[in-house]
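Grab a pencil and let's work through a few exercises together. Have a look at the sequence and the structure, then try each task before you read its solution.

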Amino acid sequence: MFKLLPMLTTGCKMAALLGRHSGGRAAPLLADHAPTVTLFGHRRGRLSLAIHEDTRAPPAFLIELPMLASAMHREMATGTVKLALESDTRSARRRLLEEYVWAVFCNGRKAGYAIRRKDASDDDRHVLRLLRGVSMGAGVLPPPPADRRGGAGPDGELTYMRARVERVVGSKDSEAFYMINPDDGSDNGGAAGRDRECAPELSIFLVRKK
């Protein structure tokens, strides 16, 4: 698994400031068909999780996690983030990613329940539009148009983390997503090496109980 370049609250520099037409530079375009995972939300609000087969299309899976961004950032500071989503709907007709109700666990602790969104909200579409074609990065995005007069807004800045993932299908009732290293990680020195050391590993598990 890949330790993502700079995260938001670990003291590292951010990997990118996407969506800013002056200054920030976007991460490279996707080079293959690896799925993409995006965690995004306001600093003092809840995080949303999107899983894309193609970042130019609507997400295959979109859910608002039952935890605040600040809580997730604290977990990231430990170096490892394991998200487990469990569904006990037992529906044979739907694909695993099409289930609606999920129990969410973060690093082994239950965070609560969440409902998959069938359609993206205006705020979701704003974020995903700005990140279209971006394969990896972490940083701050401009707020939606309705919030721009108020600056960062009452819930703080709009932050994101995105990475390509390896998808492992165990069965029709279980899938896992592991962050992919974009390079060999052979450079252990310099600023880049230090950034990798202080960034978290991320894995996501989806399970439907039988």
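## Exercise 1: A ring pair in two strands

F205 is partly exposed, with a relative accessible area of 26%; partly exposed lies between buried (under 20%) and exposed (over 50%), using a 1.4 Å probe and protein chains only. Before we go on, note that this is a predicted model, where local features need pLDDT of at least 70, side-chain atom pairs count only at pLDDT 80 or more, and totals for chains, interfaces and linings use all residues. Residues are numbered from 1 along each chain as its sequence is written, and side-chain values use heavy atoms, with hydrogens and water left out.

Task: work out how the rings of Y178 and F205 are arranged.

Solution:
- Step 1. Recall the rule: rings of Phe, Tyr and Trp (its six-membered ring) pair if their centres lie within 6.5 Å, and planes under 30 degrees apart count as stacked, over 60 as edge-to-face and the rest as tilted.
- Step 2. The ring centres of Y178 and F205 are 5.8 Å apart and the planes are at 85 degrees, so this pair is edge-to-face.
- Step 3. Now place the rings: Y178 belongs to strand β9 and F205 to strand β10, 27 residues apart, so to speak of distant parts of the chain being linked fits here. Strands are DSSP runs of E with at least two residues, numbered from the N terminus.
- Step 4. Y178 counts as partly exposed because its relative accessibility is 26%.

## Exercise 2: The other ring pair

Task: find out how F61 and W102 are arranged, and whether they are buried or exposed.

Solution:
- Step 1. The count comes to 2 aromatic pairs.
- Step 2. F61 and W102 form an edge-to-face pair, at 5.7 Å centre to centre and 90 degrees between the planes.
- Step 3. F61 sits in strand β3 (residues 61–68) and W102 in strand β5; they are 41 residues apart, and the pair links distant parts of the chain.
- Step 4. F61 counts as buried because its relative accessibility is 1%, and W102 counts as buried at 0%.

## Exercise 3: Follow the strands

Task: trace how β8, β9 and β10 pair.

Solution:
- Step 1. Two strands pair if DSSP finds at least two bridges between them.
- Step 2. Strand β8 (residues 158–171) and strand β9 (residues 174–179) pair in the antiparallel sense over 6 bridges. Here R167 stands opposite F177 in β9.
- Step 3. To get from β8 to β9, the chain uses a hairpin of 2 residues.
- Step 4. On to β10 (residues 201–208): β9 pairs with this strand over 5 bridges, again in the antiparallel sense. The bridge partner of S174 in β10 is V207.

## Exercise 4: Hunt for salt bridges

Task: look at three salt bridges, those of R56, E86 and R208.

Solution:
- Step 1. A salt bridge is a side-chain nitrogen of Lys or Arg within 4 Å of a carboxyl oxygen of Asp or Glu. The structure holds 14 salt bridges.
- Step 2. R56 bridges to D54, with the closest N and O atoms 3.1 Å apart. R56 counts as exposed at 63% relative accessibility, while D54 is partly exposed at 29%.
- Step 3. E86 and K209 form a salt bridge with their closest N and O atoms 3.6 Å apart. This pair links distant parts of the chain: E86 is in strand β4 (residues 80–87) and K209 in the segment after β10, 123 residues apart.
- Step 4. R208 and E99 meet in a salt bridge of 2.8 Å, N to O. R208 lies in strand β10 and E99 in the loop between β4 and β5 (101–106), so the pair ties together parts 109 residues apart in sequence.
- Step 5. Both R208 and E99 are buried. Salt bridges that share partners join R94, E99, K172, D173 and R208 into one network.

## Exercise 5: A loop residue and a charge over a ring

Task: describe the phi angle of N107 and the place of R116 relative to Y100.

Solution:
- Step 1. N107 lies in the loop between β5 and β6. Its phi is near 50 degrees, a positive value in a residue other than glycine.
- Step 2. N107 is partly exposed, with a relative accessible area of 24%.
- Step 3. The charged end of R116 sits over the ring of Y100, 4.3 Å from its centre. The rule asks for NZ of Lys or CZ of Arg within 6 Å of the ring centre and within 35 degrees of the ring normal.

Notes:
Helix = DSSP H or I, 4+ residues; strand = E, 2+ residues; numbered from the N terminus.
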